[in-house]
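Subject: Structure for you to look at

Hello,

Here is the structure I promised to pass on. Please open it and keep it beside you while you read my notes.

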Amino acid sequence: EMCIRDREDTVPSILKQLGFVLINRVLHKTRCVYNVSPYVPGSCLEKLGLSKDWFKLLVAKLSKMKEDEDSGEDATYSEFIQDAGELVATALLPFNGEDGASEIESQNIIEELKLPDWMRAIIDVTVFLYYFRKEGKLVKGLAQDIFDSLSLGNQLENVMMIKHLPKAFNAQQIREKLISIFTTQKLRIVNPSTDIVIPTNGAEHTGSALIITDGFELGHESLIEDKSNVESPEKKAKEAPPEWVCSQCTFCNSNDKSVCDMCESQRPAEARRDENEDGSRVRNLGQDEYNTAMWEKLCEAVKEMGSFLPEEEKAQSADIAKEMKKEEEEAKKEEVQETAPEVLRSTQLLTQSPDSLLNTVLRDRLLASSTNELAPPLKGILIKVYEMMKKPAGETPLVPRNCPEYDGIGIDKKKVATEDSDTFVKRVQEVIVKNPLVIWELLAHYGYDLWLEKTAYFSERELPEIFRTEQLEQLLTMCEVEICKETKAIMHLKPTYLRFSPPNADPFPMLNGPEETRLRMRYQGVLEHSLDEVRYNWSVLKKFNDCLIKAVPFINWSMCVNVVPEGCIPMTVSSFLSAARKLCLGYIKNKLQQAVFSKTAVVREAPPKMVFERLNFDHNEGKQTSTDKETSMFYKAYEQIKSIDLTLLRPEKPVGSSPFLAFEVIFKGEYVVGEGGPYRQFFADVSAELQPSPSSPGFTEITNTCLKLLC
């Protein structure tokens with residue numbers, strides 16, 4: 001009846017919205033019945049008794065209303081759009097237990113209706129919420145995205161060769177110098193003793209080194225110099241303020257600080273000014289661009305290694321340099337420059353001969369000794385690869401990655417299908433001796449990295465079970481707090497960045513890696529799982545939050561609950577999300593909070609003023625000693641603030657580095673410059689005054705405290 005009348009536009013908007021809420025509740029209950037019943041043919045709309053034509057009309061109306069209400073990046077939308085959008089998402093959510101048929105039908109309707117991205121985001125968020133409760137499975141598109149994010153990619157991108165190493169260093173000094181450079185440049189080395197290879201010829205090194213890296217440490221505040229608009233020092237001194245104000249605590253920091261000295265908050269982007277002597281500016285980078293910039297800096301640092309000499313030779317060269325003429329010094333500089341270390345990466349390494357250092361190192365990582373026996377874990381891995389290659393085409397992956405061609409070396413799928421595992425292992429062993437790079441490509445295709453750890457998956461059917469909710473919460477806290485230090489870097493944390501030693505094993509002596517010993521003490525429930533399981537679950541959480549950040553403005557948050565008991569049916573997405581709020585990134589919560597603050601802020605001519613005569617108060621070493629209300633900062637503030645219109649305490653956030661103050665504090669008789677200082681001092685005084693003590697006007701110690709019965 002509502003669908004019919006809605007076409008005629010005779011239903012008031014408020015009644016439509018109430019109808020959307022009621023229909024949405026009915027759809028959740030109906031969906032629960034279908035999920036536990038045998039398969040019923042038909043599209044999801046037909047099963048729920050909804051008209052496809054009305055849905056097309058509704059989607060078109062919502063898209064038009066969304067465009068009308070759109071006001072920028074942090075836009076918020078009306079409850080009408082939120083409730084109607086949730087109705088669309090609930091109706092098009094695939095059913096469970098129908099062997100993929102419902103998912104295909106639902107996807108066909110979504111494509112036919114040309115559903116906008118924001119509605120699809122609500123559907124994806126709901127799918128994840130059911131998946132976390134293990135009451136549903138991931139749809140094919142989401143599973144494919146997660147599957148692809150775990151791909152190892154081209155591992156040679158993280159392998160580097162250094163040529164023309166200075167002969168003034170011996171092999172051990174070269175290793176120490178490289179480790180020092182890698183530590184400074186934040187390059188991650190899983191095991192420095194085996195991943196930094198410096199061949200020697202007798203007592204001397206050969207002038208080359210090969211390093212297998214694990215990428216760079218995460219850039220929490222990824223900045224790069226931008227010299228495209230260099231200003232003169234005079235102009236810079238004229239424009240740049242001497243300090244910037246923290247938006248969190250209003251403390252004034254000197255212009256050379258990137259974090260607040262008081263509360264350690266990150267410096268706001270608009271406050272970041274020229275920080276280089278030549279006037280060049282800095283700008284934020286994405287993680288990929290950051291990695292590229294870090295590789296360039298690393299190459300420059302390695303090239304400068306030839307200008308450093310051991311301490312003994314440095315003293316001798318200092319005496320010799322005094323006697324050398326200017327022409328000889330310049331000639332020496334040119335000679336040093338010609339023999340500066342050279343860094344080769346990725347495709348440059350592939351042009352090397354079969355007997356090159358790259359092939360030798362890759363071969364040695366697969367073979368245990370000079371007898372060409374396989375490394376201890378490799379044989380078991382090859383048996384697993386053999387079993388996956390033996391599977392018929394119908395049982396192999398739903399969406400397999402493109403497998404490299406191995407024709408001509410005897411390990412293609414046709415030959416594997418007709419031989420036993422021992423023959424397969426022997427053939428692989430022969431190939432390793434001739435061309436180890438091919439075997440590494442085969443191992444990477446089936447999810448094994450350069451350390452022979454299972455870190456990715458060959459197919460969607462290999463994907464493991466999702467963690468329990470408590471373990472997911474631990475994993476998100478570990479990534480957000482311990483690894484990314486509560487910065488926006490969490491939005492760029494790829495699953496392949498996570499690296500831990502296997503369970504029940506000694507931690508890796510990793511260079512620039514996480515403090516694994518401490519993490520194992522705090523997050524034992526997470527790190528008791530294998531690395532591939534941890535990476536998979538983080539990939540699921542990251543994809544969920546990527547969808548959530550698009551859907552947040554279109555979710556009605558009016559209905560919130562602490563927990564949805566097992567077996568109960570959540571009636572709204574907001575109730576489901578509020579129960580799973582610990583799986584949402586703090587960045588998304590803060591962004592929504594700031595958007596609400598921005599929308600509810602008021603324009604005011606001047607801030608409210610609060611006046612205090614602190615010179616009349618009794619102080620003893622900065623603490624209140626009188627219980628008289630007349631000398632209580634807290635009581636004086638209460639008496640003044642109760643007569644202020646509370647809406648005036650929500651001002652718009654100022655542009656630039658101006659202090660963000662709810663009210664102005666005036667200390668009578670005290671010559672104070674600026675507004676931020678008195679504002680901070682007011683809260684410091686009130687906080688000290690409210691501490692439980694015999695002289696506190698707000699709190700009285702209870703008997704247990706006086707008798708020291710409670711710790």
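Start with Asp195. Leaving aside its neighbours within four places in sequence, Asp195 is in contact with Ile189, Val190, Leu210, Ile211, Ile212, Arg365 and Trp451. Bear in mind that this is a predicted model.

Where does Asp195 sit? It is found in helix α10, residues 192-195. Is Asp195 buried or exposed? Its relative accessible area is 0%. Buried means under 20%, so Asp195 is buried. Its side chain also makes a polar contact with the side chain of Thr194, at 3.4 Å.

Three of those contacts lead to the next stop: Leu210, Ile211 and Ile212. Ala209 and Ile211 point one way from strand β5. Leu210 and Ile212 point the other way. All four are buried. The general rule is worth learning: in a regular strand, side chains alternate between the two faces of the sheet.

Which strands pair with β5? One is β1, residues 159-163, which is antiparallel to β5 over four bridges. There, Ile162 has Ala209 as its bridge partner. Another is β2, residues 196-197, joined to β5 by two bridges and also antiparallel. Here the bridge partner of Val197 is Leu210.

Now step on to Thr213. It lies in the loop between β5 (209-212) and β6 (223-226). Its relative accessibility is 2%, so it counts as buried. The Thr213 side chain reaches the backbone oxygen of Asn158 at 2.6 Å. Asn158 is also among the contacts of Thr213 beyond four places in sequence, including Met160, Leu187, Arg188, Ile189, Trp295 and Trp451. Look at Trp451 again: it is in contact with Asp195 and with Thr213.

Trp295 has a charged partner. The charged end of Arg345 sits over the Trp295 ring, 3.9 Å from its centre.

Next, the aromatic rings. How many aromatic pairs are there? The count is 19. Take Trp54 and Phe55. Their ring centres are 5.6 Å apart and their planes meet at 75°. Planes over 60 degrees apart count as edge-to-face, so this pair is edge-to-face. Both residues are buried: Trp54 has a relative accessible area of 1%, and Phe55 has 0%.

Compare Trp118 and Phe554. This aromatic pair is stacked, with 4.4 Å from centre to centre and 25° between the planes. The pair links distant parts of the chain, as the two residues are 436 residues apart. Trp118 is in helix α7 (residues 117-132). Phe554 is in the loop between α24 (531-551) and α25 (573-579). Both Trp118 and Phe554 are buried.

Finish with strand β11, residues 609-612. Its side chains alternate. Met610 and Phe612 point to one face and are buried. Lys609 and Val611 point to the other face and are not buried. Four bridges join β11 to β14 (residues 664-667), and the two strands run parallel. Phe612 stands opposite Phe667 in β14.

Those two residues also belong to a cluster. Ring pairs link Phe612, Phe663, Phe667, Tyr679, Phe682 and Phe683. Phe667 has a charge over its ring too: the charged end of Arg614 sits 4.2 Å from the ring centre.

Best wishes

Technical notes:
Residues numbered from 1 in each chain as written. Predicted model: local features only at pLDDT ≥ 70, side-chain atom pairs only at ≥ 80, totals over all residues. Heavy atoms only, no water. Phe/Tyr/Trp six-rings, centres within 6.5 Å; stacked < 30°, edge-to-face > 60°. Buried < 20%, exposed > 50% of the residue type's maximum accessible area, 1.4 Å probe, protein only. Lys NZ or Arg CZ within 6 Å of the ring centre and 35° of its normal. Pairing = 2+ DSSP bridges. Polar contact = N/O pair within 3.5 Å; in protein donor to acceptor, adjacent residues only side chain to side chain. Contact = heavy atoms within 4.5 Å.
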